[in-house]
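Subject: Handing over a model, with notes

Dear colleague,

I am passing on the structure below, together with an account of what was found in it. Please keep it open beside you as you read.

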Amino acid sequence: MCGTCGCGEDDHITYTIPGKPGHHHGDENHHHVDHQVHDHKPLVSKEIQLEIDVLAKNNLKAEHNRGYFEALDILALNLVSSPGSGKTSLLEKTIKEIKKELNFYVIEGDQQTSNDADRIHKAGAPVIQVNTGNGCHLDAEMVGTATKQLKPTSGSVLFIENVGNLVCPAMFDLGESLRVVIISTTEGDDKPIKYPTMFQTAQLCIINKTDLLPYVDFDVEKAKGFALRVNRKLEFITVSVKTGEGMDQWYKWLKEKSK
Ligand SMILES: Nc1nc2c(ncn2[C@@H]2O[C@H](COP(=O)(O)OP(=O)(O)O)[C@@H](O)[C@H]2O)c(=O)[nH]1
Ligand SMILES: [Mg+2]
């Protein structure tokens with residue numbers, strides 16, 4: 001267990017670059033959490049201490065990543081959402097449509113498979129897949145290791161597609177420049193108040209799958225209202241990756257942020 005969200009320890013993290021033979025195992029990068037607490041504090045107190053330790057260690061590494069990104073003028077975007085909201089589809093389309101204007105690199109996070117990295121590779125951007133095993137989020141150490149292998153160039157945009165989960169990724173700073181939360185119209189418009197931390201810690205909220213609005217009970221204005229209740233500074237872009245509606249606004253945002 002990672003001690004913070006109860007997900008699996010990082011014994012089985014792998015790093016895969018599509019198109020390159022062999023896997024890169026992250027064994028040397030294992031961060032080990034000492035579960036043997038030898039004092040006699042009550043269990044709750046031990047759990048809180050472990051959580052503080054894990055997050056403090058992560059924050060330190062996140063600052064290290066942030067310094068690296070800033071030094072190279074890299075716009076690092078942490079994309080968070082529940083599984084299936086359309087993160088990879090958004091990235092595929094973005095890469096295909098504006099890769100001549102911006103230099104994209106992608107870190108893909110999933111528990112298993114390199115499916116998403118294969119999709120991004122086909123779309124035409126350098127990509128590395130991080131498989132987290134039982135882990136339900138990326139952490140700063142994984143992003144640091146993946147970045148070293150990916151070697152994004154100065155002035156580029158680094159997309160970090162986090163593991164699909166609206167809870168745990170919110171707690172882990174990856175050293176990103178900005179956090180983008182994606183919600184799709186099939187998920188229900190009350191998600192921002194059910195999972196507030198994710199919306200509190202993001203700067204941009206993309207509402208995807210607007211093409212499905214006629215068929216689902218999702219009120220865009222209601223969803224925005226709920227999100228603004230937890231984060232009054234949150235920006236919104238509504239898109240349909242499928243039809244391309246709203247994508248220009250996303251591209252405009254990307255270009256502005258990467259100036
Ligand atoms: N109708 C519709 N489906 C979409 C849209 N964007 C993505 N999808 C579909 O949603 C599913 C999950 O997309 P994916 O990009 O893998 O989501 P991820 O898990 O967040 O990376 C796929 O079947 C996509 O084709 C959209 O704008 N409209
Ligand atoms: Mg994906």
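The notes that follow begin with the chain as a whole and then turn to particular places in it.

Please bear in mind throughout that this is a predicted model. The chain is made up of 259 residues, of which 41% are buried, and its secondary structure comprises 8 helices and 9 strands. If one takes the contacts in the chain with a separation of 6 or more, 76% of them are accounted for by residues that stand 24 or more positions apart.

The ligand site

Around ligand 1 there are 16 residues, and those that come nearest are Gly86, Lys87, Thr88, Ser89 and Lys242. By character, this shell divides into 9 polar, 4 charged and 3 nonpolar residues. Helix α2, which covers residues 87-98, supplies the largest share of the shell, namely 3 residues.

The pairing of α2 with α3

The helix α2 also packs against helix α3 (residues 115-123), at an angle of about 15° and with the two axes 9 Å apart. Because angles under 35 degrees count as roughly parallel, α2 is roughly parallel to α3. The crossing of these two helices is right-handed. On the α2 side the contact is formed by Thr88, Leu91, Glu92, Ile95 and Lys96, which meet Asp116, Arg119, Ile120 and Ala123 of α3. The residues of this contact divide into 4 nonpolar, 4 charged and 1 polar. Thr88 deserves a second look, since this residue is listed among those that come nearest to ligand 1 and also takes part in the contact of α2 with α3.

Two residues with positive phi

Two backbone positions may merit your own inspection. Thr113, although not a glycine, has a positive phi of about 70°, and this residue is placed in the loop between β4 (104-110) and α3. Thr113 counts as exposed, because there are 12 C-beta neighbours inside 10 Å. Lys151 is likewise not a glycine and has a positive phi of about 55°; the loop in which Lys151 is found runs between α4 (140-150) and β6 (157-161). With 11 C-beta neighbours inside 10 Å, Lys151 counts as exposed.

Two strand residues and their partners

What is the environment of Tyr15, buried or exposed? Tyr15, which lies in strand β1 (residues 14-16), is buried, because 21 other C-beta atoms lie within 10 Å. In sequence Tyr15 and Ile128 are 113 residues apart, while in space their C-alpha atoms are 6.6 Å apart.

Ile237, in strand β9 (residues 235-238), has 19 other C-beta atoms within 10 Å and is therefore classed as partly exposed, given that a residue counts as buried if 20 or more such atoms lie within that distance. Which residues is Ile237 in contact with, leaving aside its neighbours within four places in sequence? The contacts of Ile237, with those neighbours left aside, are Leu204, Ile206, Gly246, Gln249, Trp250 and Trp253. For one of these, Trp250, the separation from Ile237 is 13 residues along the chain and 6.7 Å between the C-alpha atoms.

With kind regards

Methods
Residues numbered from 1 in each chain as written. Chains lettered and ligands numbered in written order. Predicted model: local features only at pLDDT ≥ 70, side-chain atom pairs only at ≥ 80, totals over all residues. Near = placed C-beta within 6 Å. Helix = DSSP H or I, 4+ residues; strand = E, 2+ residues; numbered from the N terminus. Nonpolar A, V, L, I, M, F, W, Y, C, P; charged D, E, K, R; others polar. Axes fitted to C-alpha atoms, helices over the stretch in contact; angles between N-to-C directions. Parallel < 35°, antiparallel > 145°, perpendicular 65-115°, else oblique. Left-handed = near helix turned anticlockwise from the far one by under 90°. Contact = placed C-beta atoms within 7 Å.
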